[in-house]
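User: I am new to this structure and would like a close look at a single part of it, together with whatever surrounds that part. Please take your time and connect the pieces for me.

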Amino acid sequence: MQLDQYLTSDDIIVFDKTTKQSFLDQLAGHLAAKLTIEPELLQKAVWDREGLMSTGMGGGIGIPHVRLKEIARATMAVGVCPAGVEDYESIDSAPIHIAVLIAAPAGEHELYIRLLARVADVLRRPEKRDAILASASPEEIYTILLSDEG
């Protein structure tokens, strides 16, 4: 699975110090504009999902994910916050530095699971996370994210 089918460098947002609320709302707002759906719809879905269990996976990674019938095609946005999002409520209680918001159509369960697995696989490597956090631009982060695809 190639992430470049679901992500462009324009979908990468670098944040200064921020809160979980602002972090996820801005990522959802970006994707809503890209998908031409109401931002409140996507934000509500993200927060409903977070209400079930935090998507903070540990190791400074969050993978918020939603499926909605209003979404026509799967897409992603990446948020990078080198300072860390302290209030993310990750499974290891550590701040989140990188989050990938995945939004997929409600009927695309297999694609949804494959995207989750691929993102988790890419971000599980500490050297890749470190390179992303040291990056100067969304374009550089995009290149790092895709560096082992072929």
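What follows is one request about a strand and one connected answer.

User: Please look closely at strand β6: which strands pair with β6, and how many of the residues of β6 are buried?

Analyst: The model is a predicted one, and everything below should be read with that in mind. Strand β6 covers residues 96-105, and nine of its 10 residues are buried, so that the strand counts as mostly covered by the usual limit for burial, under 20% relative accessible area.

A good place to begin is Ile96, which belongs to strand β6. Ile96 is buried, since its relative accessible area is 0% and buried means under 20%. Leaving aside residues up to four places away in sequence, the contacts of Ile96 include Phe23, Tyr88 and Ser90, and they also include Gly56, Gly60, Ile61 and Gly62, as well as Cys81, Gly84 and Val85. For a sense of distance, Gly79 lies 17 residues from Ile96 in sequence, and the two C-alpha atoms are 9.8 Å apart in space.

From there we can turn to the partners of the strand. Between β5 (75-85) and β6 there are seven bridges, and these two strands run antiparallel. Within this pairing, Val78 has Val100 of β6 as its bridge partner, while Thr75 has Ala103 as its partner in β6. Strand β5 is itself mostly covered, with nine of its 11 residues buried.

Strand β4, made of residues 65-68, is joined to β6 by four bridges, and here the two strands run parallel. Val66 is bridged to Ala103 of β6, and Ala103 is also the bridge partner of Thr75. Strand β3, residues 61-62, pairs with β6 in the parallel sense as well, over two bridges, and in this pairing Ile61 has Ile98 as its partner. Ile61 has already appeared above, among the residues that Ile96 touches.

The picture can be followed one strand further, through β5. Strand β1, residues 12-14, is joined to β5 by three bridges, and these two strands run parallel. Ile12 stands opposite Val78 in β5, and Val78 in turn has Val100 of β6 as a bridge partner, so a reader can trace a path from β1 through β5 to β6 by way of these residues.

It helps to set this covered strand against the interior of the model. In soluble globular proteins, nonpolar side chains tend to be buried together. Here the largest nonpolar core holds 27 residues, and Met76, Leu123 and Leu145 are those with the most contacts inside it. The elements that give two or more residues to this core are β5, β6, α3 (109-123) and α5 (138-146), and α3 supplies the largest share, seven residues. Apart from this core lies another one, of 23 residues, among them Ala28, Tyr88, Ile96 and Leu101. Ile96, with which we began, is therefore a member of that other core, and it is buried with a relative accessible area of 0%.

Leu145 deserves a closer look, being one of the residues with the most contacts inside the largest core. Beyond residues up to four places away in sequence, Leu145 touches Leu3, Leu7, Ile12 and Val78, and also Val122, Leu123, Lys128 and Ile132. Two of these names, Ile12 and Val78, are the residues that stand opposite each other where β1 meets β5, and Leu145 touches both of them.

For contrast, we can finish with side chains that lie elsewhere. Leu52, Met53 and Ile91 form a nonpolar patch on the surface, and together they have about 380 Å² of accessible area. Met53 sits in the loop between α2 (39-52) and β2 (56-58), and it is exposed, with a relative accessible area of 51%.

Charged side chains also make pairings, and the model has nine salt bridges in total. In one of them the side chains of Lys20 and Glu50 meet at 2.8 Å, N to O. Because Lys20 lies in helix α1 (residues 20-35) and Glu50 in helix α2, this pair ties together parts that are 30 residues apart in sequence. Both Lys20 and Glu50 are buried, whereas Met53 in the surface patch is exposed.

Methods: Residues are numbered from 1 along each chain as its sequence is written. This is a predicted model: local features need pLDDT of at least 70, side-chain atom pairs count only at pLDDT 80 or more; totals for chains, interfaces and linings use all residues. Side-chain values use heavy atoms; hydrogens and water are left out. Patches are made of residues with over 30% relative accessible area and no salt bridge: like charges are joined within 9 Å, nonpolar side chains (Val, Leu, Ile, Met, Phe, Trp, Tyr) within 5 Å. Accessible areas come from the Shrake-Rupley method with a 1.4 Å probe; for residues, only the protein chains shown count as cover. A salt bridge is a side-chain nitrogen of Lys or Arg within 4 Å of a carboxyl oxygen of Asp or Glu. Buried means under 20% relative accessible area, exposed over 50%, partly exposed in between (1.4 Å probe, protein chains only). A nonpolar core is a set of buried Ala, Val, Leu, Ile, Met, Phe, Trp, Tyr and Cys residues joined through side-chain atoms within 4.5 Å. Contact means heavy atoms within 4.5 Å.
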